[in-house]
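Morning, everyone. Please pull up the model on your screens, and we will walk through its empty spaces and one stretch of its surface.

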Amino acid sequence: MKKIYFLLMFVFLFAVNSTAQISGKFSGYMFGDYYYNVERDTGIANIPDVAIGGARDLNGFEFRRIYLTYDNEISSNFSARVRLEADQIASTSDGKIGVFIKDAYVVWKNVFEGSNLIFGMQPSPSFEVSESFWGFRFIEKTIMDLRGITPSRDIAIALRGRFDKEEKLRYWVMFGNGSGVRPETDKYKRFYSWLQYSPSKDFTFTLYADYNFRPKITSPIAPGTTVPNSDYTVTAFAGYANKDVYSFGIEAFQNFRENGFVENGQLKTLMKTGVSVSATYFFSKQYSLMGRYDYFNPAMNNDAVKRQRNLFITSFNYKPVDKLILSPNLIIETYQTTETGRVIKPSVTGRFTVNYTFL
């Protein structure tokens, strides 16, 4: 932890001492809740593929995210960002809220006309557009992030830009470690690709695909031999928004793991699939109502595993000032009856969330 505190002090002092010579700025926000787990299955701790865990009647106050960001305009052609994140999941060895590096990258602007080259720890193309379009990350992650399908960050090199001056057609390719914000520990990498088409300011459509190179595994049906175990993901998102009136979005993905399970004595590719539909209605600039439904199946083509999950989210959002949102919300997750016939009680959590931009 001493290293983290030293890093925080270094970034702060660097920013303060450098503002006279360079163009840079701090920004930050936080969101947290008071939550109450209204309902849980007694065996929730041992149930796989759960989006909202914790015991029944567990309640309390929590910070789910705190961001501190420093952006530096090095020159007209170069910029850089360092971002720190703190949350309760990334706890320290003694159980305190942990701090880690979320972003640390440099951008070479217009490395050629209309395209930027980015190097370092940076966002991946996986769901950045769908997350920003939805606009309710303070309530919950988007489906691929929530289900751990792809990392939100990677240490990588990327090229991102446009095909036309109107920016209706954009692209994004990235080659990275595939290990998220963690240091690399093997030789295998991940390749990301993304295409966005926005025929108007109200409508956008994206296609995404990645290939995650993974080490071979020992065959469960032929001991002594190895077989591929890489995976790849494809997804599509479509969103339509009339600013401060209403918005609608739908995202669907499929993830494939080579030789992921055995069926009738044969190795087969395991397929995960998910669909997320969301809508928001604005009564005014201050008040809005949001609803979302997710379907997730981590073993779509394996009839021996019954793990379908349904997630329902609704929130009422009040924005008294530009930098503050207050949001009572409800999250419900239901579970498919298991292959042994066990009925799993749904998970129900109520929260009052505060989302605040402090810089």
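Cavities first. This is a predicted model, and the count comes to four cavities of 30 Å³ or more.

Start with the largest cavity. It holds about 80 Å³ of space. What lines the largest cavity? Going along the chain, Ser130 and Trp134 come up, then Thr142 and Ile143, then Phe237. Gly249, Ile250 and Glu251 follow, and Ser276, Ser278 and Arg292 complete the lining.

Which elements supply at least two residues each to that lining? Helix 2, residues 128-134, is one of them. The others are strand 13, at 246-263, and strand 14, at 266-282. Strand 13 has the largest share, with three residues. As for chemistry, the lining of the largest cavity is a mix: five polar residues, four nonpolar and two charged.

Next, the second largest cavity. Here we have about 60 Å³ of space. The lining counts 13 residues, and the closest to the centre of this cavity are Pro125, Ser126, Trp194, Thr206 and Phe237. Note Phe237: it lines the largest cavity too.

Helix 2 turns up again, supplying at least two residues to the lining of the second largest cavity. So do strand 9, at 203-212, and strand 12, at 231-242. By class, this lining divides into seven nonpolar, four polar and two charged residues.

Now to a pocket, the second largest one. About 220 Å³ of space lies in it. Its lining includes Glu128, Val129, Ser132 and Phe133. Arg160, Gln196, Ser198 and Ser200 are also in that lining. Lys201, Asp202, Phe203 and Thr204 finish the list.

Two elements give two or more residues to this pocket: helix 2 and strand 9. Which gives the most? Helix 2, with four residues. The pocket lining has five polar, four charged and three nonpolar residues.

Last, the surface. There is a nonpolar patch, with about 830 Å² of accessible area together. Phenylalanines in the patch are Phe78, Phe119, Phe175, Phe191 and Phe213. Ile74, Val106, Trp108 and Ile157 are the other members.

Take Ile157 as an example. It is found in strand 6, residues 153-162. Why can Ile157 belong to a patch? Patch residues need over 30% relative accessible area. Ile157 is partly exposed, at 40%, so it passes that cut-off.

To recap: helix 2 helps line the largest cavity, the second largest cavity and the second largest pocket. Thanks, that is the tour.

Technical notes
Residues numbered from 1 in each chain as written. Predicted model: local features only at pLDDT ≥ 70, side-chain atom pairs only at ≥ 80, totals over all residues. Heavy atoms only, no water. Patch = residues over 30% accessible without salt bridge, like charges linked within 9 Å, V, L, I, M, F, W, Y side chains within 5 Å. Areas by Shrake-Rupley, 256 points an atom, 1.4 Å probe, with all protein chains shown as cover. Salt bridge = Lys/Arg side-chain N within 4 Å of Asp/Glu carboxyl O. Buried < 20%, exposed > 50% of the residue type's maximum accessible area, 1.4 Å probe, protein only. 1 Å grid on protein atoms, 1.4 Å probe; cavity = no way out; pocket = protein on both sides within 12 Å on 5 of 7 lines; lining within 4 Å. Points joined across faces, edges and corners; volume = space filled by probe spheres on them. Nonpolar A, V, L, I, M, F, W, Y, C, P; charged D, E, K, R; others polar.
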